[in-house]
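Biologist: Please take one part of this model and look at it closely, going from its packing to the surroundings it shares with the neighbouring chain. I would like the cut-offs spelled out as you go.

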Amino acid sequence: MHICVGDFLLDIVQNSFEAESSQVELVVQETSNILYCSVQDNGKGMDAETQRRVLDPFYTDGIKHKKRKVGLGLPFLYQATDACEGTFNLESEVGKGTRVVFSFNLEHLDAPPIGDLTSVFVALLSHPLSRSLVIQRSVESEKGSGMYTLDKDELQDILGPMDTSGTLSLLRQYIASQEEDVLQLRSVIALHMQIDSPQSKQQEM
Amino acid sequence: MAKMTLEELRRLRDKKQNELQKRDIEGKDSRIIIGMGTCGIAAGAKPVLDAFLEVLEEKHIDNVSVTQTGCMGLCYVEPTIEVIVPGMPDVIYGKVDAATARKIVEQHIIGKQLVTDHMFDRPAADIIKKDGGK
């Protein structure tokens, strides 16, 4: 199973790349209690029947691996948002694109850790199938709010092709400095509050 | 680390390119391909990608191509990676973690010796197309 929110993002955004999208937008908004994410693409989209079936882990279009009968990306994500009483919504139109919007309730004990988003963004921006990708990341808390935007076209213009170790290290350094800047605004999680109000079944046992 | 601007990134890039021209190029034409499908991610392919970038940076090897692909068909030994070094057989390594990533860079890419205890041969039979897909 995926461990961090970052793992889910890496997985789901790749769906957009594989749907022949020329434009993909990822939004990751963090507040002190909610992590809101949205992935939007202009790829080939899905019809109503496919949209209904994609949350079934035993459904796949069979194109990538003919003899395999599983498609776990979206089901894993749905399961994780459901476990922490978050939200999940999928909208899609054939020929127009797909939008997946989901959120994690960070105060819930079963919420996955957010993880290292720097490495997720490095992996997504350098993914060979990603054409145009814009990532908007923001953190908002009682300490204030901050955000940054990563635009693949803009970064590629400076760095050249993002496929060698040296270039990826520079990209990583750049994103790490942006991420560090917004993380200063992350609020300290008040663990004592969670112990007073158990929300997890595991904890009750 | 202060927040870097795009202009600073451009300057760093130019500096690095100048350094590259002065050095013997280690790792040129070598490629590391990381399986980043759902199975790979679930087994920890992301920390493996991080580890490769970290070790290559530490050894000042700027010229290895590091890319991602989907599932290579060996879901049971994820994370899997393929390493292609000129003059050596293409190898698929499985059960790769951060420590193995370091070993692969040091032993395979720099030392030109295979890391035999993590070799898992070629993609599984149900992924390979008949006659190479022709």
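Modeller: Leaving out residues up to four places away in sequence, Phe104(A) touches Val5(A), Phe8(A), Asn33(A), Ile34(A), Leu35(A), Leu77(A), Ala80(A), Thr81(A), Cys84(A), Gly86(A) and Pro112(A), where a contact means heavy atoms within 4.5 Å. This is a predicted model, in which local features need pLDDT of at least 70 and side-chain atom pairs count only at pLDDT 80 or more, whereas totals for chains, interfaces and linings use all residues. Residues are numbered from 1 along each chain as its sequence is written, chains are lettered from A and ligands numbered from 1 in the order in which they are written, and side-chain values use heavy atoms, with hydrogens and water left out.

Phe104(A), together with Phe121(A) and Ile81(B), touches the most other members of the largest nonpolar core, which holds 81 residues; such a core is a set of buried Ala, Val, Leu, Ile, Met, Phe, Trp, Tyr and Cys residues joined through side-chain atoms within 4.5 Å. Helix H3 (residues 45-58) of chain B gives the most to this core, namely 8 residues. Helices here (H or I, at least four residues) and strands (E, at least two) are DSSP runs numbered from the N terminus, while buried means under 20% relative accessible area, exposed over 50%, and partly exposed in between (1.4 Å probe, protein chains only).

Leu77(A), Ala80(A) and Thr81(A), which are among the residues that Phe104(A) touches, are also among the buried residues of helix H3 (residues 73-83) of chain A, a list that further includes Gly73(A), Leu74(A), Pro75(A) and Phe76(A). The cover over these buried residues of H3(A) includes H1, strand E3 (87-93) and strand E4 (97-105) of chain A, and also H2 of chain B. After H3(A) comes Glu85(A), with a positive phi near 55°.

His2(A) sits in the segment before helix H1 (5-18) of chain A, and it counts as buried because its relative accessibility is 6%. Apart from residues up to four places away in sequence, His2(A) touches Asp7(A), Phe8(A), Asp11(A) and Phe76(A), as well as Thr38(B), Ile41(B) and Ala42(B). The side chains of His2(A) and Asp11(A) are joined by a polar contact of 2.8 Å, the term standing for a pair of N or O atoms within 3.5 Å, of which, within protein, one must be able to donate a hydrogen and the other to accept it, with residues adjacent in sequence counted only if both atoms are side-chain atoms.

The contacts of His2(A) with chain B lead on to the interface. Chain B gives 35 residues to the contact and chain A gives 44 residues, and between them the two chains bury about 3600 Å², 57% of it on carbon and sulfur atoms; buried area is the accessible area (1.4 Å probe) that two parts lose on being put together, summed over both. Between chain B and chain A, 17 residue pairs are in polar contact, both residues being at pLDDT 80 or more. On the side of chain B that touches chain A, the elements giving two or more residues are helix H1 (6-22), helix H2 (38-43), H3 and strand E2 (65-69) of chain B. The interface also has 2 salt bridges, each being a side-chain nitrogen of Lys or Arg within 4 Å of a carboxyl oxygen of Asp or Glu. Asp50(B) and Arg172(A) meet through their side chains in a salt bridge, at 3.4 Å from N to O.

Over all chains, the whole structure contains 16 salt bridges. In one of them, Arg137(A) pairs with Glu179(A), with 2.9 Å between the closest N and O atoms. Arg137(A) belongs to strand E5 (residues 132-141) of chain A and Glu179(A) to helix H6 (residues 165-183) of chain A, so this pair ties together parts 42 residues apart in sequence. Both Arg137(A) and Glu179(A) are buried, and they are linked with Glu30(A) and Arg186(A) in a network of salt bridges.

In chain B, Arg10(B) forms a salt bridge with Glu7(B) at 3.7 Å between the closest N and O atoms, and the two lie 3 residues apart in helix H1 of chain B, about one turn of the helix. Arg10(B) is partly exposed at 32% relative accessibility, as is Glu7(B) with a relative accessible area of 43%.
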